[in-house]
Amino acid sequence: CNHFFALSDSVSVCHRRPCKMATEAELRNHNQTFLNQSYVKGFAPSKVDADLFELLFGSCPKTCAWLSRLAQHPTFNPFGKAAEEDFELFGEGEEEPAAKEAPKKAPADDDDIDLFGEQTEEEKTLLAAKKAEQKPAKAKEAGKSSLVIDVKPWDDETDMKAMEKGVRAIEMDGLLWGASKLVEVAYGVKKLQIMLTIEDDKVGTDDIEEKILALEDLVQSMDIVVFNKV
């Protein structure tokens, strides 16, 4: 017990108020209690143990933590004199040992390219090419639009089959023709209504209209009926 509580006043003062330690006589009296039992009342902790602990150490949490660390140290023996060379914790030890510096990872073998040194232009070019191979750029998906257009003839004598054939003959990168039908207008005149899909970055509606109106012998006008983004 003397080993635990022979503390200086500076160690004892570790909270907002001074830590009032029990006298040696009081400790010896408590020591007699624990000769034949583990706790104040038998072999299980109770409120009496908690009250006694609070009385002895309640205002000194830092001191209690120190006692716990010291009692669990493998070289500390409170009832015998340990060899001086075994007491590593009683060495110079004012400072904690510095943490070991983690070894630096060696640069990965990438065709002898030194990632941490000065690189030549050839090495930089080679490294950039390898990165490009490992992480290919994701192709941007082209935006598309779905349209329905009306293509109107000059009169009822216009060859509608020839008109549709001429419209479908228009080819552009990013243009796809769809279903079509003839719709009655008036007095026997019909118009061609046709669906198409375009890639917005490649085909414009003005381009389509220009090419359709170029069929001037068959086509009078063109109108966009439906325009939806896909």
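## A walk through the fold, starting at Thr158

Setting aside residues up to four places away in sequence, Thr158 touches Pro153, Met163 and Leu218. That's a handy place to drop into this structure, which is a predicted model. Thr158 sits in the loop that runs between strand 1 and helix 7. Is this loop residue buried or exposed? Its relative accessibility is 13%, and because the cut-off for buried is under 20%, Thr158 counts as buried. Its side chain also has a polar atom 3.3 Å from the backbone oxygen of Asp155.

Let's step back for the overall layout. The protein chain has eight helices and four strands. Reading from the N terminus, the elements go α-α-α-α-α-α-β-α-β-β-α-β. Of its 230 residues, 23% count as buried. If you take the contacts between residues at least 6 apart in sequence, 60% of them join residues at least 24 apart.

Now for the sheet. Its four strands are arranged in the order 2-3-1-4, with antiparallel pairing, and the sheet is open. Strand 2 and strand 4 (221–229) are the edge strands, each pairing on one side only. On average, neighbouring strands here are turned by 20° against each other, ignoring direction. As for what holds such an arrangement together, strands of a sheet pair through backbone hydrogen bonds, either parallel or antiparallel.

Follow strand 2 into strand 3 and you trace a hairpin with two residues between the strands. Tyr187, in the turn, has a positive phi of about 55°. The two strands run antiparallel and are joined by nine bridges. Two of the facing pairs are easy to pick out by eye: Glu184 has Lys190 of strand 3 as its bridge partner, and Lys181 stands opposite Gln193, also in strand 3.

What packs on this sheet? Helix 7 lies across strand 1, strand 2 and strand 3, and it runs at about 15° to strand 3. Helix 8 packs on the sheet as well, touching strand 1, strand 2, strand 3 and strand 4, with its direction making about 150° with that of strand 4.

Helix 7 deserves a closer look. At its start, a side-chain oxygen of Asp159 comes to within 3.1 Å of the backbone nitrogen of Lys161. Which residues of helix 7 are buried? They are Met160, Met163, Gly166 and Val167. These residues sit on the same side of helix 7 because they cover an arc of only 120° around the axis. They pack against strand 1, strand 2, strand 3 and helix 8. Turn to the face pointing away from that buried side and you'll find Lys161 and Lys165, both exposed. Met163, by the way, brings us back to our starting point, as one of the residues touched by Thr158.

All this leads to the core. In soluble globular proteins, nonpolar side chains tend to be buried together. Here, the largest nonpolar core has 19 residues, and the members that touch the most others are Val151, Leu175, Trp177 and Ile212. At least two residues each come from strand 1 (144–152), helix 7 (160–168), strand 2 (175–186), strand 3 (189–199) and helix 8 (205–213). Strand 3 gives the most, with four residues. To see how one of these core residues is surrounded, centre your view on Ile212. Not counting residues up to four places away in sequence, Ile212 touches Ile149, Val151, Val167, Ile170, Trp177, Val219 and Met222. Val151 and Trp177 in that list are themselves among the best-connected core members, while Val167 is one of the buried residues of helix 7.

Finally, go back along the chain to helix 4, where the buried residues are Asp49, Leu52, Leu56 and Phe57. Looking down the axis of helix 4, you'd see these residues within an arc of 100°, so they line one face of the helix. Lys47 and Leu55 are exposed on the other side. Asp49 is worth a click of its own. Its place is in helix 4 (residues 47–57), and it counts as buried because its relative accessible area is 15%. Beyond its neighbours within four places in sequence, Asp49 is in contact with Tyr39, Val40, Lys41 and Ala44.

Terms used: Residues numbered from 1 in each chain as written. Predicted model: local features only at pLDDT ≥ 70, side-chain atom pairs only at ≥ 80, totals over all residues. Heavy atoms only, no water. Core = buried A, V, L, I, M, F, W, Y, C linked by side-chain atoms within 4.5 Å. Buried < 20%, exposed > 50% of the residue type's maximum accessible area, 1.4 Å probe, protein only. Contact = heavy atoms within 4.5 Å. Arc of directions from axis to C-beta. Polar contact = N/O pair within 3.5 Å; in protein donor to acceptor, adjacent residues only side chain to side chain. Pairing = 2+ DSSP bridges. Axes fitted to C-alpha atoms, helices over the stretch in contact; angles between N-to-C directions.
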